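I opened the notebook for a new chain today. I wanted to go through its sheets and helices one at a time.

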Amino acid sequence: MAGPQHQGTIAGETAVQPTELRVVSYNLREHTANSELAALAEASQADVICVQECDSNDLAPSVAGLSLAASTKANRLGLAIYKRDDRFELQDFSIHSLQKSLHDRVLAPAHERLIAMHLRDTEADAEVIVASFHASPLTATNSLRRKQIEAAHQFVRDLSAEAPAIMVGDFNYPWFQTNLRRKIEQHGFALSLSDQPTYLRYRKFTGHFDFATSVGLHIAGVETLPAGISDHRPILVRAHYEHPGVATAAVEVPEAPAA
């Protein structure tokens with residue numbers, strides 16, 4: 001089992017202060033933590049909130065200035081994305097099923113495991129793809145989850161081949177992340193883990209379950225936020241757009257043992 005990883009410090013400085021994009025991801029644990037979204041949005045100053053395991057029929061149309069932009073409809077455990085209307089214009093979105101595990105076929109918790117959204121960021125004068133993702137649970141194999149992640153990245157790229165993109169959610173991949181990182185990087189994305197474990201309900205399964213993958217963005221930090229009702233802790237990803245001609249700053253993250 002891989003030990004906890006920590007988000008490293010930013011190596012180098014940029015000459016220009018870039019516009020920050022703040023994305024929160026939270027697994028609501030079968031919708032039980034839904035009532036926490038408004039307080040979470042205010043405390044984190046989120047620009048976008050991606051949720052997993054929500055009841056799409058019981059989501060508020062807005063939370064603390066963020067509006068419900070899209071949600072899945074066919075899932076028992078759904079996905080949704082909230083965004084700031086005063087900053088983002090919705091260009092397009094897509095919802096996708098991914099390869100099913102045995103758990104999915106027997107219990108049918110989620111037919112759709114990805115919702116991706118193409119946004120126009122009027123504050124930064126940029127386009128960006130934001131996606132909420134939920135991989136199959138630990139009863140599935142890491143190999144299947146890697147296939148789901150690869151397919152999800154392709155669907156994200158189908159919305160725009162050029163726009164920067166960030167996919168956050170419950171990856172259900174707490175161990176052997178070196179192999180995952182290698183596979184993700186082969187397809188042009190980067191993996192970013194948070195500063196503390198995100199799942200603490202069972203000591204045996206403690207680890208980073210919730211994290212982010214991205215392309216075309218500088219990830220300045222990923223913070224594990226305080227625990228709420230859910231068995232997952234929310235994460236806050238702080239990202240900056242890449243700017244041509246500006247020195248970039250790479251986030252250094254220690255490697256975990258290989259699978």
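In which sense do β7 and strand β8 pair, and over how many bridges? I looked this up before anything else. The model is predicted, and I kept that in mind throughout. β7 and β8 (residues 114–121) run antiparallel, with 8 bridges between them. I picked out one pair: His96 has Leu114 of β8 as its bridge partner.

**Entry: the sheet around β7**

I traced the sheet next. It is open and has 6 strands, ordered β7-β8-β9-β10-β12-β11, and the pairing is mixed. I noted β7 (88–96) and β11 (190–192) as its edge strands, each paired on one side only. The twist from one strand to the next averages 20°. I then looked for a helix on this sheet and found α4 (residues 177–186), which touches β11 and β12 (210–215). The direction of α4 makes about 145° with that of β11.

**Entry: the other sheet**

I moved on to an open sheet of 7 strands. I read its order as β4-β5-β6-β3-β2-β14-β13, again with mixed pairing. Its edges are β4 (62–63) and β13 (217–224), and each of these pairs on one side only. At one edge, β13 pairs with β14 (residues 235–241) in the antiparallel sense over 7 bridges. There I found Val222 opposite Val237 of β14. Helix α1 (residues 37–44) packs on this sheet, and its direction makes about 150° with that of β2 (20–27).

**Entry: the faces of α1**

Which residues of α1 are buried? I listed Leu37, Leu40, Ala41 and Ser44. Seen down the axis of α1, these buried residues fall within an arc of 100°, so they line one face of the helix. I recalled the general rule: an α-helix has 3.6 residues a turn, so residues three or four places apart point the same way. The buried residues of α1 pack against β2, β3, β4, β5, β6 and β14. On the other side of α1 I found Glu42 and Ala43 exposed. Just after the helix, Gln45 takes a positive phi of about 55°.

**Entry: whole-chain totals**

I closed with the overall numbers. The chain has 4 helices and 15 strands. Of its 259 residues, 56% count as buried. Among contacts with a separation of 6 or more, 68% join residues 24 or more positions apart. I put the accessible surface at about 11200 Å², with 50% of that belonging to carbon and sulfur atoms.

Notes: Residues numbered from 1 in each chain as written. Predicted model: local features only at pLDDT ≥ 70, side-chain atom pairs only at ≥ 80, totals over all residues. Heavy atoms only, no water. Helix = DSSP H or I, 4+ residues; strand = E, 2+ residues; numbered from the N terminus. Buried < 20%, exposed > 50% of the residue type's maximum accessible area, 1.4 Å probe, protein only. Contact = heavy atoms within 4.5 Å. Areas by Shrake-Rupley, 256 points an atom, 1.4 Å probe, with all protein chains shown as cover. Pairing = 2+ DSSP bridges. Axes fitted to C-alpha atoms, helices over the stretch in contact; angles between N-to-C directions. Arc of directions from axis to C-beta.
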